[in-house]
Amino acid sequence: MTVSYFWRSRNSRTALIVLLLLISLATASILALHAYYSDVSQRATAENVLHDYSALVADEVIRRSAVEIGYSGYYPLIGAVAHEIQQSGELSAETKTAFLSAPDARLKRAAALAKSYFQMDRSTGQVTFIGEEPHAEAPAWLRKGLLGMSAQHGETGQVIRSPIGETPRIFIAGATRGPQGREKVAGFEIDLPVLTQWFGAALNRQPLVPPSLGHGQVTNAFVQVSIRDHGGVERFRLGEGPSPRWAVTKPFGDIYQGIFSGFTVETSIDSEVARQIVIGGLPRSRLPFFLGMLALNAGLIVTAILQLRREMALQKLRDEFVSSVSHELRTPLTQIRMFAETLLLDRIRTDEEHRRSLEIIDREARRLTQLVENVLQFSRSERKIESMAKEERELAPLIHEIVDDFASAIHGDQPRFECRLCSGLSANVDPDALRQIVINLLDNALKYGPKQQVVIVGLERRDGMASIFVEDEGPGIPLADRKRIFEHFQRLERDRQSATAGTGIGLSVVKDLVTRHGGRYSVMTGDRGGARFVVELPLVAADGVALQEPAEEPR
């Protein structure tokens, strides 16, 4: 009941920790989501500010263009046309030349806007063009627009626009009277390509963004403007082209009596100068940063959960280790206590039974000693304590002595041991550590091999190393588990389900001691199908120098 309660309590704590980690991940996700929404909102606000300033630029483009072209272009020229009709009664072929060479610089400049001139007598309705030959449909179409005009349009002019023959056309006309009092309508057609120069002169005279907004640093080089006429033809462009994200499109409307009615302007401001006109500038998208931090947080939490799971598995292995050690200790202690009580109570009937009891006590005491030595060595390796006293020893006699001592403690129908030891091989070893290595390998062969088997213990020279091997007749070690069995508390699944006792630290002690000697360890399939455990230690020559450098990593 106590063990069951202990496990339930531990699992509950683990589930609580995992739940808290998942809540932490959910909290971090919510924070990242809110931070992202805040970033999006900040960017949207900055873009709205740029959009508003782009609208301000559009209004300034409309105002300047209308003032420049209307006040300095259309009005002076229509006034000159009306004056010419009043003086001479009609326009002549020399009118265009006269205007272009006029002493008045304002009129001379405005005359460049006229592509051709026209006049219409109200009494007859006949339309006459002076200069460039008009389109065939132009006279009839223009007559409809001119008949409704009155004399009040003489000074300001009236704008008449329509596509004729798929080409946008703009006419400026004004009504006036000739010397004989005859009513006439006269005007000119705009040369639309010439407007490009006028737009440029109007817009480049000063920065379109007020200096107070950009601290004088936002020049027209950072402004994009596109002006299109009523036919959709682009007549002026400033910059590479408006940014579609915060571009503003506005119609010219009826400003200056609609001289640019039907025209549209599209403007935007370059994001590079956003910092000069928007506090904090236009923030860059931080979505990759948020996603990266969220992924990092998720990775850390997953790592923590995996580590917790690993710790749980390790704790379970340690619990199994404690249980196995307790079981291993209980059996020899029971034997020792039982036969010691037999001797103390003088229940021995013969000298043979007396000797057998002492041998059993000695054998079980050796088992206890070996088990305790393994546990102590495991503890020292965990705490990184170096406790070796190496000395140069010939290996064959030492290994033979270890095997004899181990075999002397075996009774009944137990395995036989066959030594195949090559003499003359010496190494710097700790004799007690080597004893523990060999005994652990022999004990491993005894546990997992058949009862009546021949265990071969060998020593040979291989690649400048002393190769010690122990080969049994057991089932062998699967290839996938040959590295894992040298780790702490690791046992094969088939052995976990069997009645074979084991602590899971014997081979890990072998690994630690061999590594401390600068050697290598491995396991392979033996010649008889069982497992062959191999330990390789650096040899020492006659002058005491190692024949081979210690291996960096065991195989």
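Here are some friendly notes on the aromatic rings of this predicted model and on the chain that holds them.

1. Let us start with the chain as a whole. It has 555 residues, and buried ones make up 42% of them. Along the chain there are 14 helices and 16 strands.

2. Next, the contacts and the surface. Among contacts with a separation of 6 or more, 69% are between residues 24 or more positions apart. The accessible surface of the chain is about 29,600 Å², and carbon and sulfur atoms account for 54% of that area.

3. How many aromatic pairs does the structure hold? The count is 13. One of them joins phenylalanine 99 and tyrosine 117, with 5.8 Å from centre to centre and 65° between the planes, an edge-to-face arrangement. Phenylalanine 99 belongs to helix 2 (residues 95–100) and tyrosine 117 to strand 1 (residues 114–121), so this pair ties together parts that are 18 residues apart in sequence.

4. Are these two residues buried or exposed? Phenylalanine 99 has a relative accessibility of 6%, and because buried means under 20%, phenylalanine 99 counts as buried. Tyrosine 117, at 1% relative accessibility, counts as buried too.

5. A second pair worth a look is phenylalanine 252 with phenylalanine 263. The ring centres are 6.1 Å apart and the planes meet at 80°; since planes over 60 degrees apart count as edge-to-face, that is the label for this pair. Phenylalanine 252 sits in the loop between strand 8 (248–251) and helix 7 (255–258), while phenylalanine 263 sits in the loop between helix 7 and strand 9 (264–269), so the pair ties together parts that are 11 residues apart in sequence.

6. What about burial for this second pair? Phenylalanine 252 counts as buried at 3% relative accessibility, and phenylalanine 263 counts as buried at 1%.

7. Which residues do ring pairs link into a cluster with Phe252 and Phe263? They are Tyr74, Phe199, Phe236 and Phe260. It is worth finding this cluster in the 3D view once you have located the phenylalanine 252 and phenylalanine 263 pair described above.

8. Finally, two arginines have their charged ends placed over rings. For arginine 106, the ring is that of tyrosine 71, with the charged end 4.4 Å from the ring centre. For arginine 109, the ring belongs to tryptophan 198, and the charged end is 3.8 Å from its centre.

Methods. Residues numbered from 1 in each chain as written. Predicted model: local features only at pLDDT ≥ 70, side-chain atom pairs only at ≥ 80, totals over all residues. Heavy atoms only, no water. Phe/Tyr/Trp six-rings, centres within 6.5 Å; stacked < 30°, edge-to-face > 60°. Helix = DSSP H or I, 4+ residues; strand = E, 2+ residues; numbered from the N terminus. Buried < 20%, exposed > 50% of the residue type's maximum accessible area, 1.4 Å probe, protein only. Lys NZ or Arg CZ within 6 Å of the ring centre and 35° of its normal. Contact = heavy atoms within 4.5 Å. Areas by Shrake-Rupley, 256 points an atom, 1.4 Å probe, with all protein chains shown as cover.
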